[in-house]
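Welcome! Please take a moment to look over the sequence and turn the model around before you begin.

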Amino acid sequence: MAIYHLTVKTISKEKSASSLARYDYIERKEKYSSGLDEVLFSSAGNMPEWAAKNDREYWVAADKYERQNGRLCKTVEFSLPRELSFEEQKNLVLEFVDKISNVNGINLPYSLVVHKGKGTNPHCHVMLSERINDGLARNAETWFKRAGKTPEKGGARKTDALKSKDWLYWIREEWGRQANLALEQAGHKERIDHRTLSEQGIEREPTLHQGPMVTRLEHAGKPTRIGGINQRIRELNAVIAEQEKDAREERFAEMELAIRKGFSGLGLPMKARNMFIDQAIEHLRNSDDVESDFMEIQKSISLAKEKARELDYGR
């Protein structure tokens, strides 16, 4: 049964996020390479010349040069219709991402990865930059500077198009439209609906109580409306659970990278630095409130840096 699931998030330095950590995680590269068999295919587009041959360089530069507290990218995650073949899924993804990365005639750099989802939940991760590729030659550092009145002298301009709720509504509806068109062209009757269950007039709680008559019919292989709704909700919940797990793992990867960078700037001996890093990461793994504990670790690192600067100044 084809199901609808699409989420959009903003990745920002303000929350100590890292676009590189997210990229490596979804691509299953570097420390995540043990999960490489999860990747079905990947692609990129609209990259500036310096990242055209290796899109990872774009996200390395975004972390390094994007302004403090600046937005790094939008992420879009969506489930693919299982009814489609791999080639049909691939063509659908490329067409959809091409559409959302070319907003009102402007080209936005992107990276995309399709995961098999353990074979039962194929889905796509997209990282979409807000900086417009206007074709002007810039190096990586200049690209992420503020745009000036003279485009040739400033950085690549950021679009505001991705900020509005209208864009979010549009992208949700557009994915539903393109996915349904692909299903129709492939000869399938299944369709997805971008509206929420409540907007479709479907309430979750009542569907959990099928009653003995419906249960007997379902067990006898006779489909019912309530049974179909329940099956849809179970599949949707499984997708949501898996993508929530992905999101937690991606966020933890960002935190780990921030901790490593923070301790690296303290000038500690390597053995002591690695010990503190391992302790901090292990503390987060066992934490009941990861975000709060992460902020406390970041504050401790900042205080240590301030103290180190004071000692240097007093010498």
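Below are five exercises, each with a worked solution.

This is a predicted model, in which local features need pLDDT of at least 70 and side-chain atom pairs count only at pLDDT 80 or more, while totals for chains, interfaces and linings use all residues. Residues are numbered from 1 along each chain as its sequence is written, and side-chain values use heavy atoms, with hydrogens and water left out.

**Exercise 1. Describe the protein chain as a whole.**

Step 1: Start with the secondary structure. The protein chain has nine helices and seven strands. Here helices (H or I, at least four residues) and strands (E, at least two) are DSSP runs, numbered from the N terminus.

Step 2: Turn to burial. Of the 315 residues in the protein chain, 45% are buried. A residue is buried under 20% relative accessible area, exposed over 50%, and partly exposed in between (1.4 Å probe, protein chains only).

Step 3: Look at the surface. The accessible surface is about 17500 Å², with 51% of it belonging to carbon and sulfur atoms. These areas come from the Shrake-Rupley method with a 1.4 Å probe, and for residues only the protein chains shown count as cover.

Step 4: Consider contacts, meaning heavy atoms within 4.5 Å. Among contacts with a separation of 6 or more, 70% are between residues 24 or more positions apart.

**Exercise 2. Follow strand S3 and find its partners.**

Step 1: Locate the strand. S3 covers residues 71-79, and eight of its nine residues are buried, so the rest of the structure largely encloses it.

Step 2: Find one partner. Strand S1 (residues 6-12) runs antiparallel to S3, and seven bridges join them. Two strands pair if DSSP finds at least two bridges between them. As an example, isoleucine 11 has cysteine 73 in S3 as its bridge partner.

Step 3: Find another. S3 also pairs with strand S7 (residues 123-128) in the antiparallel sense, over six bridges. Here valine 76 has valine 126 in S7 as its bridge partner.

Step 4: Keep a rule in mind while you look. In a regular strand the side chains alternate between the two faces of the sheet.

**Exercise 3. Find the enclosed space and list what lines it.**

Step 1: Settle the terms. On a 1 Å grid over the protein atoms alone, a cavity is a set of points where a 1.4 Å probe fits but cannot get out; a pocket is an open set with protein on both sides within 12 Å along at least five of seven lines; and lining residues have an atom within 4 Å of a point. Grid points are joined across faces, edges and corners, and a volume is the space filled by probe spheres set on the points.

Step 2: Search the whole structure. One cavity of 30 Å³ or more turns up, and the largest cavity has a volume of about 40 Å³.

Step 3: Name the lining. It consists of Arg22, Ile26, Thr75, Glu77, His125, Val126, Met127 and Glu250. Helix H1 (19-27), S3 and S7 each give two or more residues, and S7 has the largest share, with three.

**Exercise 4. Examine the two largest pockets.**

Step 1: Take the largest pocket, which holds about 610 Å³ of space. It is lined by 20 residues, and Lys13, Ser16, Ala17, Ala258 and Gln298 are the closest to its centre. Helix H7 (225-264) and helix H9 (290-314) are the elements that give two or more residues to this lining; H9 makes the largest contribution, six residues.

Step 2: Take the second largest pocket, with a volume of about 360 Å³. Its lining has 16 residues, and Tyr25, Arg28, Lys245, Asp246 and Glu249 lie nearest the centre. H7 gives the most to this lining, seven residues.

**Exercise 5. Inspect three loop residues.**

Step 1: Go to asparagine 46, in the loop between strand S2 (39-45) and helix H2 (56-65). Its phi is positive, near 60°, in a residue other than glycine. Asparagine 46 is partly exposed, at 24% relative accessible area.

Step 2: Go to asparagine 69, in the loop between H2 and S3. Asparagine 69 is not a glycine, yet has a positive phi of about 65°.

Step 3: Go to glycine 117, between strand S6 (110-115) and S7. Glycine 117 is buried, at 0% relative accessibility. Glutamate 38 is 79 residues away in sequence, but 6.9 Å away in space, C-alpha to C-alpha.
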